[in-house]
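Let's walk through this one together, starting with a pair of helices and then moving out to how the chains meet. Have the viewer open and follow along.

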Number of protein chains: 4
Amino acid sequence: MLVIMKDHASSAEVQHVVDLLTEAGAEAHLSRGEVKTIIGVIGDREVIYTLELEGLAGVEQVIRVLKPYKLVGRDFQPQDTVVRVGGTAIGGGAFGVIAGPCSIESEDQMLTTARAARDSGATMLRGGAYKPRSSPYAFQGMGVEGLRLLRAAGDEVGLPVVTEVLDVRDTGTVAEYADILQVGARNMQNFRMLDELGETRKPVLLKRGLSATIEELLSAAEYVIKGGNRDVILCERGIRTFETHTRNTLDLAAVAALKILTHLPVVVDPSHATGRRDLIAPMARASVAAGADGLMIEVHPDPERARCDGPQSLTPTDFDALMRDIAPRVALEGKSLGESS
Amino acid sequence: MLVIMKDHASSAEVQHVVDLLTEAGAEAHLSRGEVKTIIGVIGDREVIYTLELEGLAGVEQVIRVLKPYKLVGRDFQPQDTVVRVGGTAIGGGAFGVIAGPCSIESEDQMLTTARAARDSGATMLRGGAYKPRSSPYAFQGMGVEGLRLLRAAGDEVGLPVVTEVLDVRDTGTVAEYADILQVGARNMQNFRMLDELGETRKPVLLKRGLSATIEELLSAAEYVIKGGNRDVILCERGIRTFETHTRNTLDLAAVAALKILTHLPVVVDPSHATGRRDLIAPMARASVAAGADGLMIEVHPDPERARCDGPQSLTPTDFDALMRDIAPRVALEGKSLGESS
Amino acid sequence: MLVIMKDHASSAEVQHVVDLLTEAGAEAHLSRGEVKTIIGVIGDREVIYTLELEGLAGVEQVIRVLKPYKLVGRDFQPQDTVVRVGGTAIGGGAFGVIAGPCSIESEDQMLTTARAARDSGATMLRGGAYKPRSSPYAFQGMGVEGLRLLRAAGDEVGLPVVTEVLDVRDTGTVAEYADILQVGARNMQNFRMLDELGETRKPVLLKRGLSATIEELLSAAEYVIKGGNRDVILCERGIRTFETHTRNTLDLAAVAALKILTHLPVVVDPSHATGRRDLIAPMARASVAAGADGLMIEVHPDPERARCDGPQSLTPTDFDALMRDIAPRVALEGKSLGESS
Amino acid sequence: MLVIMKDHASSAEVQHVVDLLTEAGAEAHLSRGEVKTIIGVIGDREVIYTLELEGLAGVEQVIRVLKPYKLVGRDFQPQDTVVRVGGTAIGGGAFGVIAGPCSIESEDQMLTTARAARDSGATMLRGGAYKPRSSPYAFQGMGVEGLRLLRAAGDEVGLPVVTEVLDVRDTGTVAEYADILQVGARNMQNFRMLDELGETRKPVLLKRGLSATIEELLSAAEYVIKGGNRDVILCERGIRTFETHTRNTLDLAAVAALKILTHLPVVVDPSHATGRRDLIAPMARASVAAGADGLMIEVHPDPERARCDGPQSLTPTDFDALMRDIAPRVALEGKSLGESS
């Protein structure tokens, strides 16, 4: 950490900052220029992160040089994390495709979707049993019955299943049915849920919050790993900006940046990012090219009658075309569908 | 709801939309212009909100005329909601000032702050026992012991206490100690927590999410009221934008807009909104003038040693000056500190 | 400037940065910690601002400690700039109210508005002769004929007039008719126009760009002052965010922040910021309380038939009520309408 | 246009809106539901765009169904526009790569870059003679001498040249030297410059503004085409959001959306969008996959000593690697470098 003092900071002000630092257990190194004094601070990440010196008399700016995360960084682990589940993998050359409906609606809907997804080459099945909805008047999901249908459909077609934990109290129940536990965008900074997931032994799919920075996404993942669970998959699903043509703004540069910063696999959800069926295929292609380790695609046998996200859901036929389109592109990046090299 | 068809939408496409609407239980009214056909949809809010027609063949745009909320609106209840707790009130002419530290740190810290807050005219006491922190390495709060200290300090000085429910599982415990239950910005769309709070009999202070629209804030409040709890206080605390000089961007026009749209009281938290001690007083003044029903201010006896939010905390002396500054301004708006007219 | 090297930066990488700095005429001061090496850079603002060291081998982060502006800062000139024009002033205790229509439409419209504005206490008259419109099919303004009508109306009622320079080529013409030259939000970073205005002897009203930071606004003002024209008035008029309920998001904390950072007067345009008639009065009140030196308000004798911005224009009656509302608030801040203390 | 009246709008209020519409020359069609009255408005785009009915008594919402542009849309011209210059093309299957330094600095720098660019397969050469810089203390470009050097370098290697018109007064001069006239992001809504460019016979490269919506970008292009110049190339270069890890947020979904909405070619500038050398290659790959018609890449023989944008400039060697990487991807999309099919 660097503390940059104001131009006219007095010696007493500088000394006061140094005293506070020493008192907190950190080391202070003074560097006095003609105009400015800069204080370099050395100490444990834990200590440094308890220090908030902005606003002290004479202090102009405080710069944190240490990142707020450690375990998720390439400095800590240079090689790619490969998350394995069932016979499939994501990360380290394994490209995953997670397909399925926004919400689980019936046995028939899940089975139809699951068979189509598997036949077209999806490596995992998704479906929501608990739905976060802005309006209390919108469909809220089937709950445990939905989990049961998802599990059954996954078993039937031989695909691992991914579903969202909406309420921290459901973690155990969801973990009974699902292979991968999803944290939705609105829960990315639900820190007690992250703690809880750090203690499960199931992989976690962590979606980026609507207004979360890359650093905050990595810090959220750090919570899970610090808790003991190293199988975290990050998911870029668009951020909220002023543009309204698309539901959110897909931030593909974040995918490329994350691949540099962290060893964790990164998947992209073009369905939620764009909210428009006609933009899903081009954004899926772009995601592969940007270096993503996988895709999450909403598929519904009858999007017009979907109880959730119909406008951004692909039909099985569209999804099949997408998979054929994606296949050579995944190969071009030196990756294989569901298999780590 | 209005469905605007594309210029060249065929009769079959139009009919298909009409059929889907009828099937779902809504009424469709066709209006054919020379260029465009527009379908007006009439039905229950619950039905309308299950319909997602964007992306259907021939559909250009879907416009929702019905708001996604009802109970929070002025149409439903024209007169101001007054939230009463202890001997004090917020809303309907009663101006509330909630003061206290970001995090509860010790008995001495809480008592000192509580006395100073009361002596300067605060109407409620705040303090965090469970802290949401971006980094897992930052101080996470004292937990139940903190709740106990907050309650004791409030009782000592005769002020009701407000504190955040960070984890839905703690709702009951927090409700044992606190008079008002706060939902933090990161939990504004934690819908199961909102459901839970709808079933308690304690008032709820609902903070706007970092990237939540005014409509989403109102929809979140609708969850609580729909659950049976009508005592909801809304809190504007800044939204996330590109500007980095301030921690967030305080949206005071949202306060004025909310006062038109809803009967619920609206308070402002200039401490979190700006993140800078030197901007708190001017923004507190502006909040009063914008029509806010109250303020939430971070006060700490020793901000330099605060374990959280020191840079945006006022000292008791600063807070006292702020209260003297605010008093005539509250009166100018025809409101009284803690008393409804 | 500080250059923070990566954890494992080699001596050669560090030396390379030092060499580049020396070559450019700056001084480099090394500070080697156990983990990190930090290079402090000292030199002229002009030299420092030509240096872009991000992306060099071994460089992690570059921090600019020197602000990109100087002449606009309180360090350079502690006391408030007072901009005087005609018999009125803005800044240093003088509160200005600039009123008038979005666009000049006719002699009658301008005269009616001018008389009403003066009678209600406005200190300056505004009106647009050249209108920036997103669509080429919208009304683009009356041009020189509009300037003539504005000047005549101002002379008739004895108020100085403010109008926008949309095209740098019109600067001379506009300066013949207007007392204050306005730079619109879309031109805030039209640097050649800023240069040109730096050479005129008329005050400049510089509006903040839709996505401009506080620092960029100040840097834009620096262009004008560096050119030799010290009479610059800054105008906060809302920034673009995700919120769509209001046309823009009024950033009143920026007003308070600017008052600390710069000696230049700061006015607020609540009409453009909100785009809604019903939010103008509360935001005008809040602006006064936030420390603004003035207001810019759209007034039209018949808003329903206005060719531009009708929805956010006040009638003369509304404007009169606003002025009565504002007057005691301006006094409460220790300021006087149009008069510097 | 649709005017949605409030629930309790009176007959007089409805009639008043109808009268205003009729007076303006538009047709009003009433549709009275049980709760709401909706007024459909039919008329010329030019008439409709002069109507601003928001804020009228009884009006709840005004929805513009007509887009603010026409000539740029696929409805007006379904087939792709191909912009041809020198022996090369962009659009309609022709993929263009525009390479060169941020700013022109010397004859040697331009010639070295030009030769490297051509040898690696670039189809056009870029270089800035007039630079828009936030700070007046930063390098502002070489001016006409720079234009001369750019032209000479382009002629030497046989590539057409692209450069920015920063000041509308320079349009003629720049057009003497350049083959394509670039409008920078800050000038996207400099409407008089767009008018001026509409009258030249040189193609225009129009960059998206930092906070411009897709619709505003298309409306800006409409200005140029309406003026008589149909050769417009759009350029996505990142928008401003809350994320600070990258300089801007590259919006690739906008590229895919633009390809659906307009017949104009769309290129991507990953250099400005990311501001980081290490993200340029992945974002260039993703741009090709998203459907872009070309790329704009900053190349400098010695980025460390570049007077502008060094951190985001590629060396000739990096650029050569990028071109080899891109080539098979362009082919995979069914496009050819510089040649229209």
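Start inside chain D, where H8(D) and H10(D) run roughly parallel to each other, because an angle under 35 degrees counts as roughly parallel. Keep in mind that this is a predicted model. Two packed helices are described by the angle between their axes and the distance between the axes. For helix H8 (residues 252-261) and helix H10 (residues 277-290) of chain D, those two numbers are about 25° and 9 Å. As for handedness, H8(D) and H10(D) make a right-handed crossing.

Which residues do the touching here? On the H8(D) side, look for D:Leu252, D:Val255 and D:Ala256, and on the H10(D) side they meet D:Ala286, D:Ser287 and D:Ala290. Sort the residues of this contact by class and you get five nonpolar, one polar and no charged.

Now zoom out to the relation between chain D and chain B. To lay chain D on chain B, rotate by 180° with 0.0 Å of shift along the axis, and the RMSD comes out at 0.0 Å. The two copies are thus related as by a two-fold rotation axis. If you want a landmark for that axis, go to D:Phe242: in chain D, its C-alpha is the one nearest the axis, at 2.1 Å.

How do these two copies meet? Of the interface residues of chain D, 94% are also interface residues in chain B, so the copies use the same surface. Count the participants and you find 18 residues from chain D and 17 residues from chain B. On the side of chain D that touches chain B, strand S1 (2-5), strand S2 (27-32) and strand S3 (37-42) of chain D are the elements that give two or more residues. S3(D) gives the most, with three residues. The class tally for this side of chain D is seven nonpolar, six polar and five charged residues.

Finally, turn to where chain B meets chain A. Here 43 residues of chain B are in contact with 43 residues of chain A. On the chain B side, the elements that each supply at least two residues include helix H2 (45-48), helix H6 (191-198) and helix H7 (214-226). H7(B) gives the most to this side, with five residues. By class, the side of chain B that touches chain A divides into 16 nonpolar, ten polar and 17 charged residues.

Methods:
Residues numbered from 1 in each chain as written. Chains lettered and ligands numbered in written order. Predicted model: local features only at pLDDT ≥ 70, side-chain atom pairs only at ≥ 80, totals over all residues. Contact = placed C-beta atoms within 7 Å. Helix = DSSP H or I, 4+ residues; strand = E, 2+ residues; numbered from the N terminus. Nonpolar A, V, L, I, M, F, W, Y, C, P; charged D, E, K, R; others polar. Axes fitted to C-alpha atoms, helices over the stretch in contact; angles between N-to-C directions. Parallel < 35°, antiparallel > 145°, perpendicular 65-115°, else oblique. Left-handed = near helix turned anticlockwise from the far one by under 90°. Least-squares fit on C-alpha atoms with pLDDT ≥ 70 in both.
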